[in-house]
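Please look through the structure below before reading on, and keep the sequence at hand so that each named residue can be found as the report reaches it.

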Amino acid sequence: MLKSDFGQGRPVLTSLKNERIKYVSKLLKDAKLRHAANAFVIEGVRLFSEVKEEDIIDAFYTEEIWNRMDGGLPQEKADATKNKLRSLIEKGKANSVTDEVYKKLSDTDNPQGIAAVVRIKAHEISEIKHGQNTFILIIESLRDPGNLGTIIRTAEGAGVTGILLSSDSVDVYNPKVVRGTMGSILRVPICISADIVGDTKRLKESGVTVFGTHLSGNNMYSENFSGPVAFMIGNEGAGLSDALSENADRLIKIPMEGEVESLNASISAGIVCYEVLRQRIYQGDSSSGKLHFAQPDLPEGASPWEMV
């Protein structure tokens, strides 16, 4: 074994047969193992800099990434990230590895040089409800990891308070999903639902207005999205199931020109999310720049667009 110049004397891991390395490699590929272990893998300096130290179970890095870290982050954040790594090293929870070994810890063509095993945080539906500010995405049977990652990232940007994800969707801790969220997975509460229809009914009973995106719905720009709301997003090919869409308070659709019948799930989710944010900003105090989630005083049936 080689000796690290900066790892408080801990050895550099050089063997592909190391049990820790083999375990992380399995976590990357096996969703059942991730959920049984209550852990998933993050990769890259930015994600590592954002995750809390207490949530990190194990970490691995190359000497090259240590030397390049200062150039990839603002100095204050780079220093904090290095201090976090030093702390993990001291606790025996981080090791430097050779480039060859690190490739086993990455599922990308361009490994990023630092990875960590992170605890999965389970969330309850009560955590994603925020009174009048409640803004939830209900996602059913989504299959593409790129779509889900983009939706989570977009959801954070638009102020979504949480996501209810059906358990038959792509695993939210799939490395491609995690990478696509650009860190949002660490901040957006996500509830995995084994009964998406039942959980949706319970949301409605608690006072949340549920909208379903559907080809037979009303033009979404004629709707009022104030108050506690949730939006159903369906499978890429089949859309929402009848069982779920039947539980929507209202069905909405995105108006489209030409011969296009539908949009990509993540694009549809983004359009809906930012219309909600637009309406809520309009309802707020534009002079202060603060958002106020108050009920608007719109004429019955009036489009929010007509009020701008």
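The report that follows treats an internal cavity, one helix and the cysteines in turn.

Because this is a predicted model, the values given here are computed from its atoms. The count of cavities of 30 Å³ or more comes to one, and the volume of the largest cavity is about 90 Å³. Its lining includes Leu28, Leu47, Leu105, Gln112 and Arg179, and two elements, β3 (39-43) and α8 (175-181), each supply at least two of the lining residues. Among the residues that line the cavity are also Val41, Ile42 and Glu43, as well as Pro175 and Val178. By type, the lining divides into seven nonpolar, two polar and three charged residues.

Helix α5, which runs over residues 75-90, has 16 residues, and the distance from its first C-alpha to its last is 22 Å, close to the 22 Å expected at 1.5 Å a residue. The buried residues of this helix include Ala78, Leu85, Leu88 and Ile89, and Lys82 and Lys84 are also among the buried residues. Just after α5, glycine 92 has a positive phi of about 75 degrees.

The cysteines come last. A disulfide is a covalent bond between the sulfur atoms of two cysteines. The structure holds zero disulfides. Two cysteines are listed in the table, and each counts as buried because its relative accessibility is under 20%.

| Cysteine | Relative accessibility |
|---|---|
| Cysteine 191 | 3% relative accessibility |
| Cysteine 273 | 1% relative accessibility |

Notes: Residues numbered from 1 in each chain as written. Predicted model: local features only at pLDDT ≥ 70, side-chain atom pairs only at ≥ 80, totals over all residues. Heavy atoms only, no water. 1 Å grid on protein atoms, 1.4 Å probe; cavity = no way out; pocket = protein on both sides within 12 Å on 5 of 7 lines; lining within 4 Å. Points joined across faces, edges and corners; volume = space filled by probe spheres on them. Helix = DSSP H or I, 4+ residues; strand = E, 2+ residues; numbered from the N terminus. Nonpolar A, V, L, I, M, F, W, Y, C, P; charged D, E, K, R; others polar. Expected span 1.5 Å × (residues − 1). Buried < 20%, exposed > 50% of the residue type's maximum accessible area, 1.4 Å probe, protein only. Disulfide = S-S within 2.5 Å.
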